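I wanted to look up how the inside of this protein is filled and where space is left over. These entries follow the order in which I checked things.

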Amino acid sequence: MTDPITTDTDRALGFTIPQRHARGRIVRLGPVLDTILAAHAYPPAIEALLAEALTLAALIGSTLKDAGGQLTMQAQTQNGIVTLLVCDYRGGELRGYVQYDVERLAAGPEEPSLFALFGAGYLAITFDQATTGERYQGIVPLDGSSLSEAAEHYFLQSEQIPTLVRVGVGRAADGKRVAGGLLLQHLPEGEDGRERLHTRLDHPEWEHVAILGGTMAADELADPALPLETLVWRLFNEEEEVRLHGETAFARGCRCSPDYIAQVLGKFPPSEQQAMADENGMIFVDCAFCATKFPVPAASEIVT
């Protein structure tokens with residue numbers, strides 16, 4: 001009798017390397033990713049793009065200390081194939097979708113470049129803190145070869161923190177999408193009055209961590225048979241100390257519902273609802289995230 005194949009998916013694992021003043025997070029998405037993608041039946045190039053974006057949202061969003069906080073990533077185009085990409089993370093829940101030009105995608109190469117997909121586009125990363133109500137956003141141009149490179153530029157530009165981001169997107173044995181990601185960051189010592197380590201011109205500690213992180217292969221990140229702890233050990237087993245932190249579980253999290261849609265439509269006067277309705281008095285609202293169509297009866301106009 002053979003042992004069943006173990007899979008490690010839909011979770012994130014945090015860790016720190018105290019002597020290197022570094023922290024990291026590693027994630028892998030499986031069934032959650034497949035459920036989000038399956039709702040849209042995207043072509044392979046768009047599917048892989050959204051898989052990378054959702055992995056980045058999971059990597060960055062799961063670092064939020066505010067349990068009710070939300071991370072939103074939005075990439076927009078300037079004369080590209082993709083007109084809009086949106087995904088977000090809140091409390092372990094992920095969702096996302098892509099709008100694109102079907103004809104232009106079909107006329108292009110099988111694996112279009114980031115510039116072909118977005119043109120001179122940009123990536124906006126927004127953090128909403130539920131506890132304090134604060135919101136802050138960073139915007140960077142999509143001028144690299146991948147969304148992961150744009151995310152690295154975001155941290156360097158907006159946070160001024162040296163960061164390494166790696167994402168791998170593949171398929172499991174059953175043909176379903178699997179994706180994994182690695183986020184490494186150099187941290188300041190964090191004490192008032194002391195020099196912030198990441199503002200120095202030389203970063204020997206960070207360079208060491210970044211070189212090791214750069215050896216992580218995309219197929220390792222996207223291999224569900226490799227536990228996340230094993231990947232961390234492969235990278236940093238020679239370090240004096242590596243501390244593992246609490247993990248985060250992921251779920252598909254579209255927040256639409258018939259009640260929510262009805263509440264939104266209820267803010268419109270009956271006359272406007274009637275204008276939206278079909279000949280049977282029904283308003284059909286599509287959710288872009290989960291591709292679900294909600295039928296809601298329009299309010300009747302009051303005749304006096």
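**Entry 1, the nonpolar cores.** I began with the largest nonpolar core, which in this predicted model has 65 residues. The residues with the most contacts inside this core are Leu71, Leu85, Leu94, Phe118 and Leu147. I then asked which element gives the largest share of the core, and I found that H2 does, with twelve residues. Apart from this core I noted another one, made of 19 residues, which include Leu13, Ala210, Leu221 and Leu231.

**Entry 2, Leu94.** I picked one of the residues with the most contacts inside the largest core, Leu94, and looked up what it touches once residues up to four places away in sequence are not counted. Leu94 is in contact with Leu29, Ile36, Leu54, Ala57, Ala58, Asp88 and Tyr89, and also with Phe250, Ala251, Arg252 and Gly253.

**Entry 3, the cavity.** Next I looked for enclosed space, and I counted one cavity of 30 Å³ or more. The largest cavity holds about 50 Å³ of space, and I listed its lining as Thr35, Ile36, Ala39, Arg95, Gly96, Arg252, Cys254, Phe289 and Cys290. Helix H1 (31-38) and strand E5 (93-100) are the elements that give two or more residues to this lining, which by class divides into five nonpolar, two polar and two charged residues. I noticed that Ile36 and Arg252, both in this lining, are also among the residues that Leu94 touches.

**Entry 4, the largest pocket.** Turning to open space, I found that the largest pocket has a volume of about 590 Å³. Of the 20 residues that line this pocket, Arg23, Thr63, Leu64, Lys65 and Gln185 are the closest to its centre. The elements that contribute two or more residues to the lining are strand E1 (11-17), strand E2 (22-29), helix H5 (147-159) and strand E9 (177-186). Sorted by class, the lining of the largest pocket has eight nonpolar, eight polar and four charged residues.

**Entry 5, the second largest pocket.** The second largest pocket contains about 340 Å³ of space and is lined by 15 residues, with Ala45, Ala48, Leu49, Glu52 and Pro112 nearest its centre. At least two lining residues each come from helix H2 (44-61), helix H4 (114-118) and strand E8 (163-171), and H2 gives the most, with five residues. By class I recorded nine nonpolar, two polar and four charged residues in this lining. I closed by noting that H2, which gives the most to this pocket's lining, also supplies the largest share of the largest core.

Notes: Residues numbered from 1 in each chain as written. Predicted model: local features only at pLDDT ≥ 70, side-chain atom pairs only at ≥ 80, totals over all residues. Heavy atoms only, no water. 1 Å grid on protein atoms, 1.4 Å probe; cavity = no way out; pocket = protein on both sides within 12 Å on 5 of 7 lines; lining within 4 Å. Points joined across faces, edges and corners; volume = space filled by probe spheres on them. Helix = DSSP H or I, 4+ residues; strand = E, 2+ residues; numbered from the N terminus. Nonpolar A, V, L, I, M, F, W, Y, C, P; charged D, E, K, R; others polar. Core = buried A, V, L, I, M, F, W, Y, C linked by side-chain atoms within 4.5 Å. Buried < 20%, exposed > 50% of the residue type's maximum accessible area, 1.4 Å probe, protein only. Contact = heavy atoms within 4.5 Å.
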